[in-house]
Amino acid sequence: MYITSLKSEKIQLDKLFLVGLVLSFFGDLFLLFKWGFLPGLGSFLLAHLFYIISFKKKQQTRISEIWPVILSLYASILLFFLFPYLKEMKIPVIIYAVVIATMMYNAIKTQNRNLIIGALLFLISDTLLSVYLFLQPLMILNLLVMITYVLAQWFLVRGMLSSKN
């Protein structure tokens with residue numbers, strides 16, 4: 001969708017955002033395998049870093065100083081519940097939580113509704129995935145992860161296509 005819209009509407013290609021999409025694809029691919037959690041986490045972490053850079057290139061506005069507090073609190077509470085179950089994954093998951101919260105923060109700063117919704121859905125998807133993997137492997141969580149993840153990517157693409165800069 002991103003590439004075809006770029007061609008048909010003569011929109012400037014954000015190569016870094018495209019790299020993020022490709023890295024997300026590889027994250028999905030790695031997570032299909034039992035051994036693939038860490039490479040998948042790494043791929044998604046890098047994807048979020050590329051998304052952050054892409055969002056920072058967009059016009060950003062000053063937002064309430066409460067947002068970093070809210071996002072830090074959210075990540076802290078989630079990590080508090082996950083921590084006893086993470087074992088050797090503690091450090092990678094902490095780093096990932098910081099990066100995805102930063103992505104959410106930068107999406108909010110763009111004031112682009114689609115980017116904000118996409119980042120929020122990504123946050124929800126990853127929260128559900130962490131609950132599924134580390135706390136409670138309910139099948140419904142797996143389904144909700146995929147629904148929120150696909151919608152997240154769709155909204156992020158729409159947001160990048162609707163951005164003027």
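**Entry 1: the overall fold**

I began by counting elements, and I found seven helices and zero strands in the protein. This is a predicted model, and I kept that in mind throughout. Reading from the N terminus, I wrote the order down as α-α-α-α-α-α-α. Next I looked up the radius of gyration, which is 16 Å. The globule rule gives 15 Å for 165 residues, so I noted the protein as being as compact as a globular protein of that length.

For the extents, I took the C-alpha atoms along the principal axes, and they fill a box of roughly 50 × 35 × 25 Å. I also checked burial: of the 165 residues, 44% count as buried. Then I turned to contacts between residues at least 6 apart in sequence, and 72% of them join residues at least 24 apart.

**Entry 2: α2 against α3**

Now for helix packing. Two packed helices are described by the angle between their axes and the distance between the axes, and I looked up both values for each pair.

How do α2 and α3 pack, in angle and in distance between axes? I read an angle of about 165 degrees, with the axes 8 Å apart. Angles over 145 degrees count as roughly antiparallel, which makes α2 roughly antiparallel to α3. As for handedness, α2 passes α3 in a left-handed crossing.

I then listed who meets whom. On the α2 side I noted, among others, Leu-16, Phe-17, Val-19, Gly-20, Leu-23, Phe-26 and Phe-30. Across from them in α3, the list includes Phe-37, Pro-39, Phe-44, Ala-47, Phe-50, Tyr-51 and Ile-53. By type, the residues of this contact of α2 with α3 divide into 16 nonpolar, six polar and two charged.

**Entry 3: Gly-20, one residue of that contact**

I picked Gly-20 for a closer look, as it belongs to helix α2, residues 15-31. Is Gly-20 buried or exposed? Its relative accessibility is 0%, so I put it down as buried. Setting aside neighbours within four places in sequence, I found Gly-20 in contact with Ala-47, Phe-50 and Tyr-51. Those three residues also appear on the α3 side of the α2 contact.

**Entry 4: α3 against α7**

Staying with α3, I moved on to its other partner on my list. Helix α3 spans residues 37-57 and helix α7 spans residues 139-162. Their axes come within 12 Å and cross at roughly 25 degrees. That angle makes α3 roughly parallel to α7. Here too I noted a left-handed crossing, with α3 passing α7.

Which residues of α3 meet α7? I found Phe-44, Tyr-51, Ser-54 and Phe-55, and they meet Tyr-149, Gln-153, Leu-156 and Met-160 in α7. The residues of this contact divide into six nonpolar, two polar and no charged. I was pleased to see Tyr-51 again, since Tyr-51 is also in contact with Gly-20.

**Entry 5: α6 against α7**

The next pair shares α7. I read an angle of about 160 degrees for α6 and α7, with their axes 7 Å apart. The two helices are therefore roughly antiparallel to each other. Their crossing is left-handed. I counted up the types as well: the residues of the contact of α6 with α7 divide into 19 nonpolar, eight polar and one charged.

**Entry 6: Ser-130 in α6**

While in α6, residues 113-134, I stopped at Ser-130. Its relative accessibility is 10%, and the cut-off for buried is under 20%, so Ser-130 counts as buried. Who touches Ser-130, apart from neighbours within four places in sequence? I found Leu-78, Leu-82 and Leu-135.

**Entry 7: two loop residues with positive phi**

Last, I went through backbone torsions. Most residues other than glycine have a negative phi, and I flagged two exceptions.

Lys-87 has a phi near 50 degrees, a positive value in a residue other than glycine. I located Lys-87 in the loop between α4 (66-86) and α5 (90-110). At 62% relative accessibility, Lys-87 counts as exposed. I also compared its place with that of Gly-20: the two are 67 residues apart in sequence, and their C-alpha atoms are 28 Å apart in space.

The other one is Gln-111, which is not a glycine yet has a positive phi of about 60 degrees. I found Gln-111 in a loop as well, the one between α5 and α6.

Terms used. Residues are numbered from 1 along each chain as its sequence is written. This is a predicted model: local features need pLDDT of at least 70, side-chain atom pairs count only at pLDDT 80 or more; totals for chains, interfaces and linings use all residues. Side-chain values use heavy atoms; hydrogens and water are left out. Axes are lines fitted to C-alpha atoms, for helices over the stretch in contact, and angles run from 0 to 180 degrees between N-to-C directions. Helices (H or I, at least four residues) and strands (E, at least two) are DSSP runs, numbered from the N terminus. Angles under 35 degrees count as roughly parallel, over 145 as roughly antiparallel, 65 to 115 as roughly perpendicular and the rest as oblique. A crossing is left-handed if the near helix is turned anticlockwise from the far one by less than a right angle, and right-handed if clockwise. Contact means heavy atoms within 4.5 Å. Ala, Val, Leu, Ile, Met, Phe, Trp, Tyr, Cys and Pro count as nonpolar, Asp, Glu, Lys and Arg as charged, and the others, Gly among them, as polar. Buried means under 20% relative accessible area, exposed over 50%, partly exposed in between (1.4 Å probe, protein chains only). The radius of gyration is taken over C-alpha atoms; the globule rule is 2.2 Å times the number of residues to the power 0.38.
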